[in-house]
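Me: Please take a close look at a single part of this protein and put it in context. I want one connected account, with the weak spots of the model included.

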Amino acid sequence: MSRMGDTIRTARLKAKMTEKALGRKCGLAESVIKDIESGRRIASDDQAQRILKVLGAQDSLSTELDAAAEPPQPLPKPRPRAYVVPLEPDNPQKESATREASDAWLDALGGVVKRVPVIDPQGVAVDHVLTPIIGGKIEGGAPDKVLFYRCPDNALRGFRVFAGDLLLTVPASKPEDDRLMLVFYKGQRMVRKLLKLDGSRLQLQSFDYEFTAEVAAAAEVKILGRCVRLERAL
């Protein structure tokens with residue numbers, strides 16, 4: 001058990017709260033709380049602060065958390081940004097000739113790259129991104145089924161996803177705990193972090209300037225896909 005996990009477990013037991021009850025109150029799955037307490041998972045700063053706030057121990061435990069915090073992990077080197085194919089050409093005549101050559105080139109590389117559509121919250125394809133195909137798949141999904149979702153706002157900034165960023169999404173039909181997923185809800189496509197609740201309910205989490213969560217019946221939320229990769233907007 002890590003020092004951070006031991007600190008959180010001690011505070012939870014003192015508050016006479018189960019892992020499941022604590023997870024519900026701070027918007028995390030029961031399994032996440034258990035993993036943090038056992039040391040199998042390192043809690044992010046945001047997760048630690050939310051847990052402490054629920055336990056009412058933010059001030060008294062802040063020193064222990066600072067001491068228990070793991071050293072920051074180096075960020076992976078960003079992948080080269082994919083070439084974006086414009087949807088509206090500046091010069092239609094010139095673009096027509098260029099497109100014929102480009103299409104012939106793409107046909108030759110049909111098993112290597114794919115022009116993946118970029119959609120907005122209304123489901124309209126507003127752009128395309130050339131994306132490599134590896135082993136006949138794109139991030140484990142069928143090339144003709146994957147898509148990019150362009151985030152329209154900063155509703156996910158607390159999860160390090162900002163307006164204009166592209167989320168590569170592969171097909172999925174069932175919700176997954178503590179994962180960003182593309183859903184159709186209230187007549188619009190959106191990406192939210194999901195948490196499964198009792199009684200066939202889902203918690204849709206967003207995080208702009210503060211964490212918010214909306215609870216809905218699972219039948220009201222259509223799962224469209226699982227977000228597997230982020231393309232940062234420059």
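**One residue and its surroundings**

Reply: Ser200 has a relative accessible area of 57%, and because the cut-off for exposed is over 50%, it counts as exposed. The model is predicted, so what follows describes a prediction.

Ser200 sits in the loop between β7 (188-197) and β8 (201-207). The backbone there deserves a note: phi of Ser200 is near 55°, a positive value in a residue other than glycine. Most residues other than glycine have a negative phi. Lys16 is another such case, with a positive phi of about 55° although it is not a glycine. Lys16 is also in a loop, between α1 (3-14) and α2 (19-26), and Lys16 is exposed, at a relative accessible area of 79%.

The two strands beside Ser200 lead into the interior. Both β7 and β8 give two or more residues to the largest nonpolar core, as do β6 (179-185) and β10 (222-231). That core has 23 residues, and those with the most contacts inside it are Val183, Val191, Leu204 and Val221. Its largest share, five residues, comes from β6. The neighbours of Leu204, leaving aside residues up to four places away in sequence, include Val183, Tyr185, Leu194, Ala213, Ala216 and Val221. Not every neighbour is nonpolar: Leu204 also touches Arg192, Lys193, Thr212 and Glu214. Apart from this core lies another, of 16 residues, with Met4, Ala11, Leu28 and Val32 among them.

For the protein as a whole, there are six helices and 10 strands. Of its 234 residues, 37% count as buried, and the protein exposes about 13900 Å², of which carbon and sulfur atoms supply 51%. Among contacts with a separation of 6 or more, 56% join residues 24 or more positions apart.

Confidence varies along the chain. The average pLDDT is 79, and 75% of the residues score at least 70. Among the elements, β8, the strand that follows Ser200, has the highest mean pLDDT, at 95, while strand β1 (residues 84-85) has the lowest, at 38. Two stretches fall below 50: over residues 59-70 the model has 11 contacts beyond near neighbours in sequence, and over residues 80-90 it has 23 such contacts.

How values were computed. Residues are numbered from 1 along each chain as its sequence is written. This is a predicted model: local features need pLDDT of at least 70, side-chain atom pairs count only at pLDDT 80 or more; totals for chains, interfaces and linings use all residues. Side-chain values use heavy atoms; hydrogens and water are left out. Helices (H or I, at least four residues) and strands (E, at least two) are DSSP runs, numbered from the N terminus. Buried means under 20% relative accessible area, exposed over 50%, partly exposed in between (1.4 Å probe, protein chains only). Contact means heavy atoms within 4.5 Å. Accessible areas come from the Shrake-Rupley method with a 1.4 Å probe; for residues, only the protein chains shown count as cover. pLDDT is the predictor's confidence in each residue, from 0 to 100. A nonpolar core is a set of buried Ala, Val, Leu, Ile, Met, Phe, Trp, Tyr and Cys residues joined through side-chain atoms within 4.5 Å.
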